[in-house]
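Open the model in your viewer and keep the sequence panel beside it. Follow the stops below in order, selecting what each one names.

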Amino acid sequence: MAIDNTAPSDISNTKFLVQATRTRRIFAFLSSFLFLLALIFLILVEIGSLSARRPVLPSVYFIKLNLTNVIPRSVPNSILINSIARTLGLHDFYQVGLWNYCDGYGKEVTSCSKPQKMFWFNPVEIIVSELLAGATIALPVNITNALTLVRVASHWMFALFLTGACLALPSALLAPLSISSRWVSLPLTILTFLTAFTTTVATVIATAMFLMFRKAIQSAADSVNIQAEIGIKMFVFMWIASGAAILAWLIHFAQCCCCASTRDVRTGRRKGRRKAYNPFGRGTQVGATGAEEKPRARRRWMGRTV
């Protein structure tokens, strides 16, 4: 007796092909789900701090600058000067999104700027523009020197996040096509690599840039009392999107050489899952009469198998 490991006479049978390529199907749809997950979190990154009227959006930001007590207590009459600065138009805080910034008093976001392409946060320009004519606040040199790097990095970050979001959707929709052939996985691997690359690089740039900006502000605490707070939600959203995109790309990369495709099964290059060839269950054997029967249970006697 031998185990029946041959394909059915109709190799194009849909049920048989689904069973034979089940492993590849699972990973293909898993990668599609991961790209949809990355897209959702990229959208949250894109719309963070876009409007003050939405309940969730104002709480999603890259960095938040607290200027409530911008003049340190060590300066004489600091309380009076801070009060005057607020009267002149300075808000208590400013928080940065991808398209714009928002400001407010206390803990409430009162307004957001108009969304701009290639937006970058320039605290000097924003603070001066909101103060009354002729009023100004001098920021430390290390903060103003970092603005050039912030401008260039912000432009790259904006372009890469937008590109990653645009590529995530076709990556999710086209991922199931890898089931048909391993050759299809090659262009999909390139597409998914671009999606993962742009998303991850944008995330790394944003993380490094705003951590550096926070450090520059904290180092100037003696001359100006500005507190910088990193947006935890935004950072979590970015890294979840990057992690999902990287994992989905690795799945497509592995599918170039692993897991039998529909074409492999039809041409006989690969058999796929064994259960597709043995519908009666694992271990079923074919007897002389052609009827499937379970193998006999072996007994042990004096340490030997009988």
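Begin with the aromatic rings: this predicted model holds 8 aromatic pairs. Select Tyr94 and Tyr101 and show their side chains. The two rings form a tilted pair, with 6.2 Å from centre to centre and 45° between the planes. Is Tyr94 buried or exposed? Tyr94 has a relative accessibility of 1%, and because buried means under 20%, Tyr94 counts as buried. The same cut-off applies to its partner: Tyr101, at 12% relative accessibility, counts as buried too.

Now select Phe193 and Trp249. These rings also make a tilted pair, 5.5 Å centre to centre with 55° between the planes. Which parts of the chain does this pair link? Phe193 sits in helix 6 and Trp249 in helix 7 (residues 232–255), so colour these two helices. The two residues are 56 apart, and their pair links distant parts of the chain. Phe193 has a relative accessibility of 39% and counts as partly exposed, because that value falls between the 20% limit for buried and the 50% limit for exposed.

Add Phe197 and Phe253 to the selection. Together with Phe193 and Trp249, they form a cluster linked by ring pairs.

Stay with helix 6 and select Thr189, which has its place there. What does Thr189 touch, apart from its neighbours within four places in sequence? Its contacts are Trp249, His252, Phe253 and Cys256. Two of these names, Trp249 and Phe253, also belong to the ring cluster. Thr189 has a relative accessible area of 9%, and is therefore buried.

Next, colour helix 6 along its full range, residues 182–218. Helix 6 lies across strand 2, strand 3 and strand 6. Against strand 6, helix 6 runs at about 160°.

Hide the helix and look at the strands. An open sheet of 5 strands has the order 5-4-3-2-6, and its pairing is antiparallel. Which strands stand at the edges? They are strand 5 (108–112) and strand 6; each has a single partner strand, so one side of each is left without a neighbour in the sheet. On average, neighbouring strands of this sheet are turned by 25° against each other, direction ignored.

Select strand 2, residues 63–66, and strand 3, residues 93–96. They pair in the antiparallel sense over 4 bridges. Within this pairing, Asn66 has Phe93 in strand 3 as its bridge partner. Then add strand 6, residues 227–230, which pairs with strand 2 in the antiparallel sense, again over 4 bridges. Here Leu65 stands opposite Ala228, and Asn66 stands opposite Gln227.

While strand 2 and strand 3 are on screen, show the side chains of Lys64 and Phe93. Lys64 lies over the face of Phe93, at 4.4 Å from the ring centre.

Finally, zoom out to the whole chain. How many helices and strands does the protein chain have? There are 8 helices and 10 strands. Of its 306 residues, 42% count as buried. Switch on a surface: the accessible surface of the chain comes to about 17,300 Å², and 63% of that belongs to carbon and sulfur atoms. Among contacts between residues at least 6 apart in sequence, 73% join residues at least 24 apart.

Note on methods
Residues are numbered from 1 along each chain as its sequence is written. This is a predicted model: local features need pLDDT of at least 70, side-chain atom pairs count only at pLDDT 80 or more; totals for chains, interfaces and linings use all residues. Side-chain values use heavy atoms; hydrogens and water are left out. Two strands pair if DSSP finds at least two bridges between them. Axes are lines fitted to C-alpha atoms, for helices over the stretch in contact, and angles run from 0 to 180 degrees between N-to-C directions. Contact means heavy atoms within 4.5 Å. Buried means under 20% relative accessible area, exposed over 50%, partly exposed in between (1.4 Å probe, protein chains only). Accessible areas come from the Shrake-Rupley method with a 1.4 Å probe; for residues, only the protein chains shown count as cover. Rings of Phe, Tyr and Trp (its six-membered ring) pair if their centres lie within 6.5 Å; planes under 30 degrees apart count as stacked, over 60 as edge-to-face and the rest as tilted. A charge sits over a ring if NZ of Lys or CZ of Arg is within 6 Å of the ring centre and within 35 degrees of the ring normal.
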